[in-house]
Each structure stands twice: as structure tokens, then as C-alpha cells.
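Colleague: I am new to reading protein models. Could you take me through one, feature by feature?

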Amino acid sequence: MKVPNSLVQLIRELSRLPGIGPKSAQKLAFYLFEQPKEDIERLVNTLLEAKQDLHLCLRCFNVTDLEVCEVCADPKRDRSQICVVEEPGDLIALERSGEYSGLYHVLHGRLDPMNGVSQDRLYIKPLLERLRDAPQNTEIILATSTTVEGEATSLYLERLLAPLNLHLSRIAYGLPVGGALEYADEVTLGRAMTGRHSLGQKQNRNDSDSGPAGLAVPPR
């Protein structure tokens, strides 16, 4: 059976999207075909408008529709911290956590020589220029992924930024909330152990005499 050329082209274009294989692309193609024409037109117009309106922030290279993104323009952000992430999606994830109030720098990828991604294809040079006159108390937080490429990118940045005498740190990776030790892999357990933190030795005596939900804690 000869597949219509228009369908072949649609499947081919959809399969170019990240995380979409040939079977998923085919499923999406048939789904789109079954949708009303006005829905397809709205999708196309939305894509075109996003492509026209969105660009990269001049400071951190986050995706924005402004000259400088809202994070960089916010005077309440802690400007003594710059978190380096791989993709804009990582920035969004960290913002959702609500645990970080500093600035960002988006690399738009990670080092992957096997696939032709070198340091020249990432926004590393602008990061160096940005940090050239940074105060000595500035903390650079490397928040790349735990993949081989992400670790290599972090190590490369660590060596590159070391001469600047700034405070370099790496986000800790460990067990997810609700996770059991027996189901965790060795790398995750190793990260959890390395990234452990002190519970504090100087606690209020009233706090130390009771455990969770008021349960008594035996004397040491």
C-alpha cells in the first residue's frame, strides 16, 4: 500500500521532535488529521506567534518575550547567586520548587562531542563575560544533569571558572521523596550520601526531648 506523500512528510516532521519516535509520530499524525480544521489552524498560528515573539534573554539566555526576562529584571532576586542550567525547562523546574531566589544562566545544551556538541555551541563564553567583573562573594551553582554529558559539562565549567576565585558549588542529588533505599541505584545512593547535610548539634532542649508528633526520644 502506498502511503500518501503528505502523510509521510507529516510523520517525518513530527519524528524530528525530541522524544518522538516513528510510531509516536505516526500516532500524532493520525490524531491531528482527525481534529477539526479550526483547531489545526489555531495550533499553527500559536506556533508561528511563539516563534515570532519569543527570543533569548540578553543576560541569562532564558526564553522570554521581553528584552530581559522577568527573573533578571526582578530587583528582589539574589544577585550574589547564579545557577547554571542546561535548558530553559530546568530553570522552570527550579522556579517551581520555590527553593531558589537567585539568578540563572542557561547553556542551551551540554557537552556531547560524540554528537558534535562542543563548548562553542553552548552559551559558555557569555557566562565567562558575565562573571568577569562579578564580586568575589558571587556563588556559581552548577545544576547540570547527572548524565555522563551533564557531569562532563559540570567538570569542564568547574575547571574553567576556578581561576575567577568565585564560590563554586554543585547541586546535591539524592533520594526522591517517598523513595526506598532498596530500590535506589548505586549512583543515586552515592549522591545521597555525598550530599548529606548536618541536622545541627545545637538544638533547643525542648525540641531534642521529643521526636515527630511528640514521641519521646530515648536519652543518648
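Colleague: Which residues are exposed on the other side of helix 1?

Modeller: Asn-5 and Ser-6 are exposed there. Keep in mind that this is a predicted model. Exposed means over 50% relative accessible area, and buried means under 20%. Now turn the helix around. Leu-7, Ile-11 and Leu-14 are buried in helix 1, which runs over residues 5–14.

Colleague: Why do those buried residues count as one side of helix 1?

Modeller: Look at the arc around the axis. The three cover only 65°, so they sit on the same side of helix 1.

Colleague: Which helix do the buried residues of helix 1 pack against?

Modeller: They pack against helix 2, residues 22–34.

Colleague: Let me step back. How many helices and strands are there in the protein?

Modeller: There are nine helices and six strands. The protein has 220 residues, and 25% of them are buried.

Colleague: What about the surface? How much area does the protein expose?

Modeller: About 16,200 Å². Carbon and sulfur atoms supply 55% of that area.

Colleague: Now the strands. In which sense do strand 3 and strand 4 pair?

Modeller: They pair in the parallel sense, over five bridges. To see the pairing, find Ile-82, which stands opposite Leu-103 in strand 4.

Colleague: How many residues of strand 4 are buried?

Modeller: Five of its five residues are buried, so strand 4 is largely enclosed by the rest of the structure.

Colleague: Then I want to see the core. Which residues of the largest nonpolar core touch the most other members?

Modeller: A nonpolar core is a set of buried nonpolar residues joined through their side chains. In this structure the largest one has 30 residues. Cys-83, Val-84, Val-85, Tyr-104, Leu-131, Ile-140 and Leu-157 touch the most other members.

Colleague: Which elements supply at least two residues each to this core?

Modeller: Helix 4, strand 3, strand 4, helix 6, strand 5 and helix 7 do. Strand 3 gives the largest share, four residues.

Colleague: Pick one core residue. What does Cys-83 touch?

Modeller: Leave out residues up to four places away in sequence. Cys-83 then touches Leu-94, Tyr-100, Leu-103, Tyr-104, His-105, Ile-141 and Ala-143.

Colleague: What lies apart from the largest core?

Modeller: Another core, of five residues, lies apart from it. Its members include Ile-11, Leu-14, Ala-25 and Ala-29. You have met Ile-11 and Leu-14 already, as buried residues of helix 1.

Colleague: Next, charges. How many salt bridges does a search of the whole structure find?

Modeller: Start with the idea. Side chains of opposite charge can pair when their charged atoms come close. Here the search finds five salt bridges. Let us read some of them.

Colleague: What does Arg-77 meet in a salt bridge?

Modeller: Arg-77 meets Glu-95, at 2.8 Å from N to O. The pair links distant parts of the chain, 18 residues apart. Arg-77 is in the loop between helix 4 and strand 3, while Glu-95 is in helix 5. Arg-77 counts as buried, at 13% relative accessibility. Glu-95 is partly exposed, at 28%.

Colleague: And Glu-86? Which residue forms a salt bridge with Glu-86?

Modeller: Arg-110 does, and the closest N and O atoms are 2.7 Å apart. Glu-86 lies in the loop between strand 3 and helix 5, and Arg-110 in the loop between strand 4 and helix 6, so the pair ties together parts that are 24 residues apart in sequence. Glu-86 is buried, with a relative accessible area of 3%. Arg-110 is partly exposed, at 32%.

Colleague: Where do Glu-151 and Arg-170 lie?

Modeller: Glu-151 is in helix 7 and Arg-170 in strand 6, 19 residues apart. Their side chains meet in a salt bridge of 3.5 Å, N to O. Glu-151 is partly exposed at 25% relative accessibility, and Arg-170 is partly exposed at 24%.

Colleague: One last feature. How far apart are Asp-90 and Ser-145 in sequence and in space?

Modeller: They are 55 residues apart in sequence and 9.3 Å apart in space, C-alpha to C-alpha. Asp-90 is found in helix 5. Now take the whole protein. Among contacts between residues at least 6 apart in sequence, 45% join residues at least 24 apart.

Terms used. Residues numbered from 1 in each chain as written. Predicted model: local features only at pLDDT ≥ 70, side-chain atom pairs only at ≥ 80, totals over all residues. Heavy atoms only, no water. Buried < 20%, exposed > 50% of the residue type's maximum accessible area, 1.4 Å probe, protein only. Arc of directions from axis to C-beta. Contact = heavy atoms within 4.5 Å. Salt bridge = Lys/Arg side-chain N within 4 Å of Asp/Glu carboxyl O. Core = buried A, V, L, I, M, F, W, Y, C linked by side-chain atoms within 4.5 Å. Areas by Shrake-Rupley, 256 points an atom, 1.4 Å probe, with all protein chains shown as cover. Pairing = 2+ DSSP bridges.
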